[in-house]
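Work through these exercises with the sequence and the 3D structure open. Try each task before you read its solution.

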Amino acid sequence: MAAAGAGDTVKQPLLHRAYPSHVASASSPALPSAPPGSAGRRFPGGLDVPNLKKRGGGTRSWIRVEAATASVQTLEIDKATMMRRCELPARDLRLLDPLFVYPSTVLGRERAIVVNLEQIRCVITADEVLLLNSLDSYVLQYAAELQRRLLQRAEGDELPFEFRALELALEAACSFLDAQAAELEIEAYPLLDELTSKISTLNLERARRLKSRLVALTRRVQKVRDEIEQLMDDDGDMAEMYLTEKKMRMESSVFGDQSLLGYNSAGAAGTSVSAPVSPVSSPTESRKLEKAFSLCRSRHDSVKSSDNTMTEHIQELEMLLEAYFVVIDSTLNKLTSLKEYIDDTEDFINIQLDNVRNQLIQFELLLTTATFVVAIFGVVAGIFGMNFETTVFQIENAFQWVLVITGVVGAFIFCSFLWFFKYKRLMPL
């Protein structure tokens, strides 16, 4: 024990010197611990760090738009509560996470529709819309417009609530993408016209950035178009989105089961085990059986009618999707036309550069030919300037005649070069 005490007395000053602010003694006050229920986390050493959230335990702000009263309110809901409330798996809610960038997606589930269309990220049920809260103006406009349409609902309009919310989400996404495409067009065409008239490094850099934005926007528009087209091609996915019918069918099924259970319990209570069944009581049993059969028949008829209603609403949803498919396809055509205009501008610039390159090559060949002609005169002068005797030097005016002959040969070579490149059309002059 003495040895242990001595060891403690040796270790304590080292601990105080190493971590003076994390050692509690009798003279120093204890560290403040995190309050119960806070988002603090305890580390293995026993140290409590307040305001440190656990992974996946944070809440997010949602804007709730109720279908019945058209009321708008802000809620703080965590991920687990959201999964239980809408019966959605974690991977579907991950599509709505603003920290990640996912392509546009519309998923139909048993009790909800998961919508991720540009800035609109929401969960649509038969009774409400839970919109991920954001400072983006399109999100606030979506909530306000949905509330206005619910309050001003026409009497003859029987479109289900989930289709209304989905239609508004598609409208917001298509409007946003179309506005960006129009803005890109306004910026692109003057820039490309300026680039064709004046090719400079600055204009080429601006055109490169413009083309990068165009490619990114085209990819987003193409993804929304493909998603709408995929929904239109699959009747099963469209049927999954009819949440109101599924909710009514579930409620009617529960009500029918309860009624049938009530008939069975009433029949069991009215018949005594000890008393024999007499022929007089048989009409009562037959009437109960007829009621049970009629209930089953009514449920079967309701299922048939619901199937017919489902087919009608599938057609309504298909027409709704087709309308916005036309809108997004028009936006894609605008971007495609702009891309073709950029490609034409690039081809025109390449033709201009090729023309300038050909002119430079032509000028280089002219200089080479002129240099060759001048070199001939230099050879003649060098020959006559050598210190050796030859019979050529004895001819009268031999040097002048040689110069004349050399000049004629040089002129002939130069004119032949010009004729060759002018009339053979190997290079424009």
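**Exercise 1.** Find the handedness of the crossing of α5 and α6, and describe how the two helices pack.

*Solution.*
Step 1. The crossing of α5 and α6 is left-handed. This is a predicted model, so every step here reads a prediction.
Step 2. Locate the helices: α5 covers residues 161-197, and α6 covers residues 201-233. They pack at an angle of about 155°, and their axes are 10 Å apart.
Step 3. Name the arrangement. Angles over 145 degrees count as roughly antiparallel. Therefore α5 is roughly antiparallel to α6.
Step 4. List some partners. On the α5 side, the contact includes L170, F176, L177, L184 and L191. On the α6 side, it includes L204, L210, L214, L217 and V221.
Step 5. Sort the contact residues of α5 with α6: 16 are nonpolar, 2 polar and 5 charged.

**Exercise 2.** Decide which word fits α4 and α5: roughly antiparallel or oblique?

*Solution.*
Step 1. Helix α4 spans residues 137-151. Its axis and that of α5 come within 10 Å and cross at roughly 140°.
Step 2. Roughly antiparallel needs an angle over 145 degrees. So α4 and α5 are oblique to each other.
Step 3. Add the handedness: α4 passes α5 in a right-handed crossing.
Step 4. Look at the contact. From α4 come Y138, Y142, E145, L146, R149 and L150. Among the α5 residues are F161, A165, L168, A172 and F176.
Step 5. Sort the contact residues of α4 with α5: 11 are nonpolar, none polar and 4 charged.

**Exercise 3.** Place A67 in the fold and find which residues A67 is in contact with.

*Solution.*
Step 1. A67 sits in the loop between β3 (59-66) and β4 (72-78).
Step 2. Check accessibility. A67 has 23% relative accessibility, so A67 counts as partly exposed.
Step 3. Leave aside neighbours within four places in sequence. A67 is then in contact with A126, D127, E128, L150 and F161.
Step 4. Take one of these, E128. It lies 61 residues from A67 along the chain, yet their C-alpha atoms are separated by 5.3 Å.

**Exercise 4.** E87 and E118 each have a phi near 55°. Where does each residue lie, and is each buried or partly exposed?

*Solution.*
Step 1. Recall the background: most residues other than glycine have a negative phi. The phi of E87 is positive, and E87 is not glycine. The phi of E118 is positive too, and E118 is not glycine.
Step 2. E87 lies in the loop between α2 (79-86) and α3 (90-94). E118 lies in the loop between β6 (113-117) and β7 (120-124).
Step 3. E87 has 45% relative accessibility, so E87 counts as partly exposed. E118 has a relative accessible area of 16%, so E118 is buried.

**Exercise 5.** What is the mean pLDDT of the protein, and over which residues does pLDDT stay under 50?

*Solution.*
Step 1. The protein has 429 residues, and 27% of them count as buried. It holds 11 helices and 8 strands.
Step 2. The mean pLDDT is 74, and 66% of the residues reach 70 or more.
Step 3. Over residues 1-56, pLDDT stays under 50. The model has 29 contacts beyond four places in sequence for this stretch.
Step 4. Residues 266-282 also have a pLDDT below 50. This stretch has 3 contacts beyond near neighbours in sequence.
Step 5. Draw the lesson: where pLDDT is low, the predicted coordinates should not be read in detail.

Methods: Residues are numbered from 1 along each chain as its sequence is written. This is a predicted model: local features need pLDDT of at least 70, side-chain atom pairs count only at pLDDT 80 or more; totals for chains, interfaces and linings use all residues. Side-chain values use heavy atoms; hydrogens and water are left out. Axes are lines fitted to C-alpha atoms, for helices over the stretch in contact, and angles run from 0 to 180 degrees between N-to-C directions. Helices (H or I, at least four residues) and strands (E, at least two) are DSSP runs, numbered from the N terminus. Angles under 35 degrees count as roughly parallel, over 145 as roughly antiparallel, 65 to 115 as roughly perpendicular and the rest as oblique. A crossing is left-handed if the near helix is turned anticlockwise from the far one by less than a right angle, and right-handed if clockwise. Contact means heavy atoms within 4.5 Å. Ala, Val, Leu, Ile, Met, Phe, Trp, Tyr, Cys and Pro count as nonpolar, Asp, Glu, Lys and Arg as charged, and the others, Gly among them, as polar. Buried means under 20% relative accessible area, exposed over 50%, partly exposed in between (1.4 Å probe, protein chains only). pLDDT is the predictor's confidence in each residue, from 0 to 100.
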